[in-house]
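Student: I am new to this structure. Could you show me how to read its main features?

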Amino acid sequence: MIKTGIFGGSFNPIHNGHIALAKSILALAELDEIWFVVSPQNPFKRADPNLLDDRLRLELVRLALANEPHLITNDCEFHLPKPSYMWHTLQAMSHNYPNRMFTLLIGADNWLSFPRWYHANDIITHYSIIVYPRRNAHVNTITFPPTVRLVDTPLYDISSTEIRHRIRNHIPVDSLLPSSIIQKALEYYR
């Protein structure tokens with residue numbers, strides 16, 4: 001079985017923090033690969049006027065990960081009903097890739113709201129979950145179910161919101177984005 005982490009998100013845009021975090025989790029959680037699942041419509045972020053077109057965000061993720069071994073772009077949610085519920089995504093992936101064991105990767109902030117997720121208990125029952133630290137999101141690992149564990153990754157203080165703000169205001173983003181996407185990100189977000 002190929003151990004595959006599922007790192008879902010809007011990636012609006014993908015940035016160096018996402019990539020560094022994934023590499024850290026890859027090592028700490030002993031995964032074979034991590035799939036960056038670009039979400040066309042997060043059910044908790046409906047009607048976001050700052051959300052770049054789905055295909056353009058997917059293009060940026062593909063470019064950003066082109067030379068990153070074991071980090072793979074995935075558009076599974078583009079072929080599923082919207083909004084994009086992780087339960088549907090995991091079910092579709094398990095059906096389409098029976099040779100993989102999927103692990104959901106979520107930030108501590110998402111873990112705190114996890115009971116509100118669609119089919120949260122089913123996800124916990126059928127999949128392992130890796131929780132990574134997020135600033136100001138403190139989790140109690142004692143209450144974790146057996147399928148959930150915390151990995152001690154560094155905190156990456158880079159946000160897509162801040163990057164979009166910088167681009168709109170002509171503030172450099174070179175240190176925040178992979179060099180392979182800087183020009184396109186400037187074009188798309190300006």
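Tutor: We will take the sheet, then the core, then one residue. This is a predicted model, where local features need pLDDT of at least 70, side-chain atom pairs count only at pLDDT 80 or more, and totals for chains, interfaces and linings use all residues. Residues are numbered from 1 along each chain as its sequence is written, and side-chain values use heavy atoms, with hydrogens and water left out.

Student: In what order do the strands of the sheet lie?

Tutor: Strands (E, at least two residues) and helices (H or I, at least four) are DSSP runs, numbered from the N terminus. Two strands pair if DSSP finds at least two bridges between them. Here 6 strands form an open sheet, ordered β3-β2-β1-β4-β5-β6, with parallel pairing. β3 (71-74) and β6 are the edge strands; each has a single partner, so one side of each lacks a neighbour in the sheet. From one strand to the next, the twist averages 30 degrees. Helix α1 packs on the sheet and touches β1 (2-9), β2, β3, β4, β5 and β6. The direction of α1 makes about 145 degrees with that of β2. Such angles run from 0 to 180 degrees between N-to-C directions, with axes fitted to C-alpha atoms, for helices over the stretch in contact.

Student: Which strands pair with β5?

Tutor: β4 (residues 100-107) pairs with β5 in the parallel sense over 5 bridges. There, G107 has Y132 of β5 as its bridge partner. β6 (residues 148-150) also runs parallel to β5, joined by 3 bridges. I129 stands opposite V148 in β6.

Student: Why is β5 called largely enclosed?

Tutor: Buried means under 20% relative accessible area, exposed over 50%, partly exposed in between (1.4 Å probe, protein chains only). In β5, 4 of the 5 residues are buried, so the rest of the structure largely encloses this strand.

Student: Which residues have the most contacts inside the largest nonpolar core?

Tutor: In soluble globular proteins, nonpolar side chains tend to be buried together. A nonpolar core is a set of buried Ala, Val, Leu, Ile, Met, Phe, Trp, Tyr and Cys residues joined through side-chain atoms within 4.5 Å. The largest one has 36 residues, and F7, I14, I25, I34 and F36 have the most contacts inside it. Another core, of 25 residues, lies apart from it; I6 and M93 are among its members.

Student: Is S39 buried or exposed?

Tutor: S39 counts as buried, because its relative accessibility is 8%. S39 is found in the loop between β2 and α2. Its side chain makes a polar contact with the side chain of E77 (3.2 Å). A polar contact is a pair of N or O atoms within 3.5 Å; within protein, one must be able to donate a hydrogen and the other to accept it, and residues adjacent in sequence count only if both atoms are side-chain atoms. Contact in general means heavy atoms within 4.5 Å.
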